[in-house]
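Colleague: I have a fresh model open on my screen and a cup of coffee in hand. Could you walk me through it?

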Amino acid sequence: MNSNIPSIGTANVQLIRKAEKWWSEMAAVHNLDLSGFDPAATLETRIAWAITKGYEIGTIYSRFSTKLQHSTDDQVRENIQWAAKNRVYVPPELISVDEGVKGKRIQRAGLDRTKAILSERQAKVLLVYKMSRLFRQAGKGYQFVNEEVVEEGLRAVSVSQGIDTNDRKTWKLQLQIHGIMDDMLLDAIADHVRSGLTGLFLNNWTTGAIGIGYRRRVIPGAPLTNRGRPRTMPEVDPETAKLINEHAQLLLNGMSVREGVRRWNAAGGAVDPRASTGKLQYACYRRLFANERLVGKWEFGRKRNQFSTKLDNVKQIEQPDDEVTTVQCEELRILDDETFEKLRVKFEGSKTGPRGPRKPKTLQLWDLTTEFFFCESCSTSASLVRFYQTGAQGTGMHCKNGDQCKCKSAVRRRDAVEAVCRELTKSISCDAELIESVVLKSQELDSRADHGLDDQLAKSRRKLAVLGNRVNDLFEMSGEGTEADRKETKARLRAAQAERSAMQSEVNRLQTRINGETNTLTVAEIRQRLTEMSNLLSDASTGELGEDALYQALAIFRSLTGGQIMVRVEQRVNRKQSNVRGTFQLRLLDSFNRSSNDGETQSSDSITVWLRKPPRLDAIAERVHQLIDIEGASHRETAKQLQQEGHKVNSGNVWYSYRRWYEMQGLEPPAVPYNNGHKRRSA
C-alpha cells in the first residue's frame, strides 16, 4: 500500500478476513468472474486483477458513536454486498473504521485515512452505510461529498439510503432530504428521552451525576435501569455534609475561597468522580456553595444541550422557569436558608463586572516562552508540570497545580525571561574553548551525517536502477498477449512508473541534503553567529524586536535551553517573600548542529539563574562561598573584596550570607575556624 496512507484507522484482522469472505461469496452469487483472483496476493496485484476484469475499486468508511453499539461488522457487510452486486471490488486494506467516535468531530483517524485513500486515488468509489456516518450535521456531510469526492471525479454511495452521486440530478436533493429527516428524528428522540427522565426525577430517582454532598442509595424492589444496573436515589452523605457546614461558617467568618479549597483537599473532602485531577478546584468549590441543592431545591432541565454550527460543538442553553421541573426535598437539605443566603450575597459581592475590549498588544518574547518553565516540586521524571500565565493581564506565571502546589509562588514572566536571556548572553560571549568545541563537534557531526546519507543515496540509486529496468521490460511487453494480458501489463507499467518517480524524488532530496551539509562552519562564522545570537537575545529581553526577529529569538531561546527550565521555589524561614531560581542545561552545540538526525543532544553543566530579584545577602551568597571556601579568605577579607566590587557589606553580613548559601543548598554550614585559619595580624 502507498506509504502516504496512514495505518491508524484501518480494520482489524478479524474484520479483514470477514470482508474477504463476504466479497467472494457475494461475487459468486452475482456471477462475477473470479478466475485468477487470489485473496492472498498483494494489494497491487489484486487491484490490477480487478481493473483487468472491469471492476471499480472501492473504499468503505464505517463509524459508530458510542462504545455500546458495535455495528462495524454490520455496516461493512452491507457495503460489501452492495459492492459485489454493482461490480465494485473493495480490498480489505481500504476499509477504514472509527469506533466510539462522535460524528461532530472533524479529526478522526478513520475519516483521515479515507481522505488519504481518495486523494491518492487508491479507490474511485466511497461506500458508506448512511451519509450520517461521515458527519452528524447534514451540511458538513454534503460539503465533504461535494468537495472531496464529486469535484475530484470520484463516486460516493450511501447503500441504505440509495444515494449515488453518479445520479447527477437527484443525489444533492436526496442527501439534503435525508439530512433533514435525521435531524427531525433526533429531536423527536430527545423529546421522548427528556419526558422519560422527567418522570424518573419526579419519583426522586437518580437521573444523572450526583453532586458533592450526596451519594446514591439503592432502591429495593425498583426496576433495573436500561443498562441493567440497580435503580438508585440520592441521599445526604453525612461526612461530606458536616464538612460543608464547617466550611460555610468559615467562609462567613472571613476565610478566603482559596484557603477553603486548600483546607478541603487537605481534609480529604469529596470530589466529583468525573474530575480528572482528583482534587477540588477553585471554580468547583465556589459553585458548590452556590448550588441550590444544598437547601433541598432540586431542578431538572435548567440547561439543554444545543448543537452550534458556528462553534461546531454542543453548547448549553439556559431554559426559562416554565421549562424547568423543580422539586423541594427537605430530606436532602444540608444548609439552612439563612446561611445559604449569606453565602450567596458574599459571592455576588465579589463578582467582577463585564470586561471591555482588549487593547492591541505588541507580542514580546516573554509572551511565547511560558511553556518552557516547569515546576521542580510537582514534576517527576515521567511527567513534567509546566507553568501557566496568572495575575492581572497575565503578567505573572505559576505552577499548573495552583493552590495545590507544595511550593506555590508566582513570578513575573518578563523578569524571569530577562534574567535567562542575560545569563545566556553571558554564557555564549567570546569563550575560546566553547568556540573550539563547537567547531570540532560540527566537523564530527557533518562527517557522520554525510557518511550515513551517502549510504542511503547509494541504496536509493540502486533501487532506482532496478525500477528503471522494470519499466523498460514492461514497456517492451505492452503490445504482446491477449487484450486481458495487455490491460494487466498497462496497470503494472503505471504502478512501476509511479514508484520510479517517487524514488527519483527521494534521490534528489538526499543529494540536496548532502550538498547542503558538507560545509563545516569556520571559527569566524561561529564567532559571527554567536554575536548575532547574543544581540538577538539582548534586544528581545528589552522588547525591541519586530515580529519576524522575535520568532528567531524564540528559536534561539528554545535551542539553547532545550525548551526546559526547571523552576525551584525556596520558602525562606520567617519571611513572606520566597526565592525563585531557574535551572537549565546550556545546549549551544545543538543550536549549531540542527541537521543532525542521530537524536544526540550536547549539553554543558547546569546553569542556575535568579528568576526573581533575591534579597541582597542571598544575591552575594555564591560569591561569598567562592571567596571563603574556595579561595580561603576570611570574613573581613571577603567583606573588603565585596566592597571593592561595589557591595555595601560588612563582616557580619558576610557571616549571614555564608550561612544562607548552605541553607539554599540544603546543607549544614561547616564550622569555620577563627579568621578562616589565618593568623591574626598584630596591631
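Modeller: Happily, and let me start with a term: a salt bridge is a side-chain nitrogen of Lys or Arg within 4 Å of a carboxyl oxygen of Asp or Glu. This is a predicted model, in which local features need pLDDT of at least 70 and side-chain atom pairs count only at pLDDT 80 or more, while totals for chains, interfaces and linings use all residues. Residues are numbered from 1 along each chain as its sequence is written, and side-chain values use heavy atoms, with hydrogens and water left out.

Colleague: How many salt bridges does a search of the whole structure find?
Modeller: One example is the pair Lys 18 and Asp 73, whose side chains meet at 2.9 Å, N to O. Another joins Arg 333 and Asp 337 at 2.8 Å. Searching the whole structure gives a total of 31.

Colleague: How many residues apart are Lys 18 and Asp 73?
Modeller: Helices (H or I, at least four residues) and strands (E, at least two) are DSSP runs, numbered from the N terminus. Lys 18 belongs to helix H1 (residues 13-29) and Asp 73 to helix H3 (residues 72-85). The pair links distant parts of the chain, and the separation is 55 residues.

Colleague: Is Lys 18 buried, exposed or partly exposed?
Modeller: Buried means under 20% relative accessible area, exposed over 50%, and partly exposed in between (1.4 Å probe, protein chains only). Its partner Asp 73 has 27% and counts as partly exposed. Lys 18 has 36% relative accessibility, so Lys 18 is partly exposed.

Colleague: Which residues are joined into one network by salt bridges that share partners?
Modeller: Let me pass by a further pair on the way: Arg 412 and Asp 415 form a salt bridge at 3.4 Å, N to O. As for the network, salt bridges with shared partners join Glu 292, Lys 297, Glu 299, Arg 302 and Asp 321.

Colleague: Which strands stand at the edges of the open sheet E13-E17-E18-E19?
Modeller: In general, strands of a sheet pair through backbone hydrogen bonds, either parallel or antiparallel. Here four strands form the sheet with mixed pairing, and the twist averages 30° from one strand to the next. An edge strand has a single partner strand, so one side is left without a neighbour in the sheet; the two are E13 (373-375) and E19 (606-610).

Colleague: Which residue in E19 does Arg 581 stand opposite?
Modeller: Two strands pair if DSSP finds at least two bridges between them. Strand E18 (residues 579-585) and E19 have five bridges and pair in the antiparallel sense. Opposite Arg 581 in E19 stands Trp 610.

Colleague: At about what angle does helix H11 run to E19?
Modeller: Axes are lines fitted to C-alpha atoms, for helices over the stretch in contact (heavy atoms within 4.5 Å), and angles run from 0 to 180 degrees between N-to-C directions. Helix H11 (residues 413-427) lies across E13, E17 (565-570), E18 and E19. Its angle to E19 is about 135°.

Colleague: With which side chain does the side chain of Arg 155 make a polar contact?
Modeller: A polar contact is a pair of N or O atoms within 3.5 Å; within protein, one must be able to donate a hydrogen and the other to accept it, and residues adjacent in sequence count only if both atoms are side-chain atoms. Arg 155 lies in strand E5 (residues 155-158) and counts as buried at 11% relative accessibility. Not counting residues up to four places away in sequence, Arg 155 touches several residues, among them Trp 82, Lys 124 and Asp 164. The polar contact, at 2.9 Å, is with the side chain of Glu 56.

Colleague: What is the bridge partner of Met 397 in E16?
Modeller: Strands E14 (residues 387-390) and E15 (residues 396-399) pair antiparallel over four bridges, and Gln 389 has Met 397 as its bridge partner in E15. E14 and E15 form a hairpin with five residues between them, and Gly 391 in the turn has a positive phi of about 85°. E15 is also joined to strand E16 (residues 411-412) by two bridges, running antiparallel. There, the bridge partner of Met 397 is Val 411.

Colleague: Is Thr 370 buried or exposed?
Modeller: Thr 370 lies in the loop between helix H10 (337-349) and E13. Residues that Thr 370 touches include Gln 389, Met 397 and Arg 413, leaving aside those up to four places away in sequence. With 6% relative accessibility, Thr 370 counts as buried.
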